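Biologist: Could we go through this model together, label by label? I would like to hear the reasoning behind each one.

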Amino acid sequence: MKVSMQENINIRVANPQENYLIAKHLYLMWQDIGVPKDSIESNWLEITEEYIDKARQQLFYQAFLAELNNTIVGSVSCQIFAGLYPNILKPEYRKRGYIWGVYVEPDYRRQGIAKKLVGEAIAYLKSIDCTQVTLHGSPQGKPLYSHLGFDENNEMKLDLS
């Protein structure tokens, strides 16, 4: 009996020494959605690693890696949502988690890996008592997120460029 790739995928917690993988995937994710290389800060690796270190200390940050035959093929990050405004709501009413940086290497896409990664992130956020999860999905990712039960929110944007 042939085992499918999805069954061979191992999802595991990323350790701090693997922050560079998370940063690399974030960089590649921005490129995949059309952001030109010259619009990304040249010190993107340092910026991302510094952010992750701070988020680990203050925002219950956790990352998960998808591994196939000892090769990392995807990643996802999640944390407590730090907010865009003062949070005056009690945590039991709304403690938001945030999922970001969902990335799967191109050769491994459309095989359920992102679904498994996001599922792990959701389970982690539930385990730290989040009552809501937010993410900003790319057009390619929206069908997956809708399938997982995410509603499109009321975030409205005005492009000023």
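**Reasoning behind the labels**

Modeller: Happily! This is a predicted model. Let's start with Cys 130, which is buried at a relative accessible area of 11%.

Biologist: Why is Cys 130 called buried?

Modeller: Buried means under 20% relative accessible area, and Cys 130 has 11%, so the label fits. Cys 78 is buried too, at 0%.

Biologist: How do you know that Cys 130 is in no disulfide?

Modeller: The two sulfurs would have to lie within 2.5 Å. The nearest cysteine sulfur to that of Cys 130 belongs to Cys 78 and is 8.3 Å away, and the structure holds zero disulfides.

Biologist: What makes the pair of Tyr 27 and Trp 44 stacked?

Modeller: Their centres are 4.3 Å apart and their planes differ by 20°. Pairing needs centres within 6.5 Å, and stacked needs planes under 30 degrees apart, so both conditions are met. Tyr 27 sits in helix α2 and Trp 44 in helix α3.

Biologist: Why is Trp 44 called partly exposed?

Modeller: Trp 44 has a relative accessible area of 23%, which falls between the 20% and 50% limits, so partly exposed is the term. Tyr 27, at 17%, counts as buried.

Biologist: What makes Phe 64 and Tyr 124 edge-to-face?

Modeller: Their planes are 65° apart, with 6.3 Å centre to centre. Edge-to-face means over 60 degrees, so the name applies. Phe 64 lies in strand β2 and Tyr 124 in helix α4, so this pair ties together parts 60 residues apart in sequence.

Biologist: How do you know that Lys 95 lies over the face of Phe 60?

Modeller: Lys 95 is 5.7 Å from the ring centre, which satisfies the 6 Å limit; the definition also asks for an angle within 35 degrees of the ring normal.

Methods. Residues numbered from 1 in each chain as written. Predicted model: local features only at pLDDT ≥ 70, side-chain atom pairs only at ≥ 80, totals over all residues. Heavy atoms only, no water. Buried < 20%, exposed > 50% of the residue type's maximum accessible area, 1.4 Å probe, protein only. Phe/Tyr/Trp six-rings, centres within 6.5 Å; stacked < 30°, edge-to-face > 60°. Helix = DSSP H or I, 4+ residues; strand = E, 2+ residues; numbered from the N terminus.
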